[in-house]
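Dear colleague,

I am passing on the structure below, together with some notes on what turned up in it. Please read the notes with the coordinates open beside you.

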Amino acid sequence: MSGSQGSRGATAPGALMAAEVASQPEVLERVLREAPAAVRAVAAQVRRFAPRFVLLAARGTSDHAALYAKYLIETTLGLPAGLVSTSTYTTYDAEPDLTGVLWVAVSQSGGSPDLVESTGRARAGGALTLAVTNAAGSPLAEAAQLHLDMLAGPEHSVAATKTYTASLLTLLLLVEAWRDADPLDLQGLPSFAHAALDLPQVAAVAARYRFVDKLVTTSRGYAYPTAREAALKLMETCYLSAHAFSGADLLHGPLALIDADRPVVAIVPEGAGGRALAPVLERLVERGADLCVVAPPGVGAEPTVPLPTGMVERVAPIVQVIPLQQLARELAVSRGQDPDVPRGLSKVTRTR
């Protein structure tokens, strides 16, 4: 899949998704160019607030971005962070004391009522509230005290792609500015993203898995949100049963369901997460799993889909997901589906 495929016209199945996936290097470049001033201003207010804890609220794809932010906050800032159960606020009408808490709500549309309501309640409960959206005028952006725009531009395919990577980068920039230390050099990120596009191995994996109806994704650490997002993309575009597990959790029982008939997609990063995943891969091989390894060459396992080398581990998820987005699109089209309009789904999901 490539930008040329996306230009065949809106009538081609997956054309919108193809074009939006292909646009991600440009989107990341725009975020790096236009977001830093706003991010620094928000980070300065967060530092003055000096939160004791961070709560992250999100749904769907944005929930995986929030999980990524949880890893960033806990490992680089040393603050505890948790994922919110919004039904606590919207279904059970809880009013916890959130004094000293930073509440971060992540949403591509900024329109889900549960996120809007829970963010308003968090603000009333004493939290400093921040919305990270792709819609500056959205109800969620208005409900929060602070707002950061993902700057992804309009996203027309129902399956979120460029808004996901833009949200990851926005959250990374926020945490880096909040750290107020020597910043990461991120100027090469768009080039890394471009190198992850249109890998011929993706089409080969799609052909191999065309008729599967169940699949597992797994990883550790910063790459675990990538495994979860990959599973969601496969479920919503290909209608197959995809289950995401942390490599550690996979060994605590779900390993029993692995055999040659259930493919496993393992995302193996450079760094501590990849080293932690190594014994899991060994067990998967012992189980005779049909294993697809998404990894930079030289991390231990021979990659089925090679990622660019030299990425800092906490930055890599922004790039790791790109070939998996393309896999979901390729696989859906090969199965006669149109991933731009998954059945039963709409661009904005309204839950309470």
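Strand β3, residues 101–107, is mostly covered in this predicted model, and seven of its seven residues are buried. In a regular strand the side chains alternate between the two faces of the sheet. In β3 both of these faces are covered, with Val101, Trp103, Ala105 and Ser107 buried on one side and Leu102, Val104 and Val106 buried on the other.

The strand has pairing partners that you may want to follow in the coordinates. Strand β1 (residues 53–58) runs parallel to β3 and is joined to it by six bridges, and within this pairing Leu55 of β1 has Trp103 as its bridge partner. Strand β4 (residues 128–133) also pairs with β3 in the parallel sense, over six bridges, and here Leu102 stands opposite Leu128. Between β3 and β4 the chain passes through helix α7 (residues 113–124), and the resulting β-α-β crossover is right-handed.

Turning to the nonpolar packing, the largest core holds 86 residues, of which Val54, Val104, Leu169 and Ile318 touch the most other members. Helix α9 (residues 162–179) supplies the largest share of this core, namely eleven residues. If neighbours within four places in sequence are left aside, Ile318 is in contact with Leu28, Tyr68, Thr165, Leu168, Leu169, Leu172 and Leu189. There is also a second, separate core of 15 residues, which includes Phe245, Ile258, Val268 and Leu284.

As for the cysteines, a search of the whole structure finds zero disulfides. Cys238 is in no disulfide, and the nearest cysteine sulfur, that of Cys292, is 13 Å away. Seen from the other side, the closest cysteine sulfur to that of Cys292 is the one in Cys238, and because a disulfide needs the two sulfur atoms within 2.5 Å, the 13 Å between them is too far for a bond. Both residues are nonetheless buried, Cys238 at 2% relative accessibility and Cys292 at 1%.

Finally, there is a charged residue whose placement you may wish to look at, Glu236, which lies in helix α12 (residues 224–238). With a relative accessible area of 14%, Glu236 counts as buried, because the cut-off for that term is under 20%. The side chain of Glu236 is joined to that of Lys233 by a polar contact of 2.8 Å.

With best wishes

How values were computed. Residues numbered from 1 in each chain as written. Predicted model: local features only at pLDDT ≥ 70, side-chain atom pairs only at ≥ 80, totals over all residues. Heavy atoms only, no water. Helix = DSSP H or I, 4+ residues; strand = E, 2+ residues; numbered from the N terminus. Buried < 20%, exposed > 50% of the residue type's maximum accessible area, 1.4 Å probe, protein only. Polar contact = N/O pair within 3.5 Å; in protein donor to acceptor, adjacent residues only side chain to side chain. Pairing = 2+ DSSP bridges. Right-handed = clockwise from strand over helix to strand, strands pointing away. Core = buried A, V, L, I, M, F, W, Y, C linked by side-chain atoms within 4.5 Å. Contact = heavy atoms within 4.5 Å.
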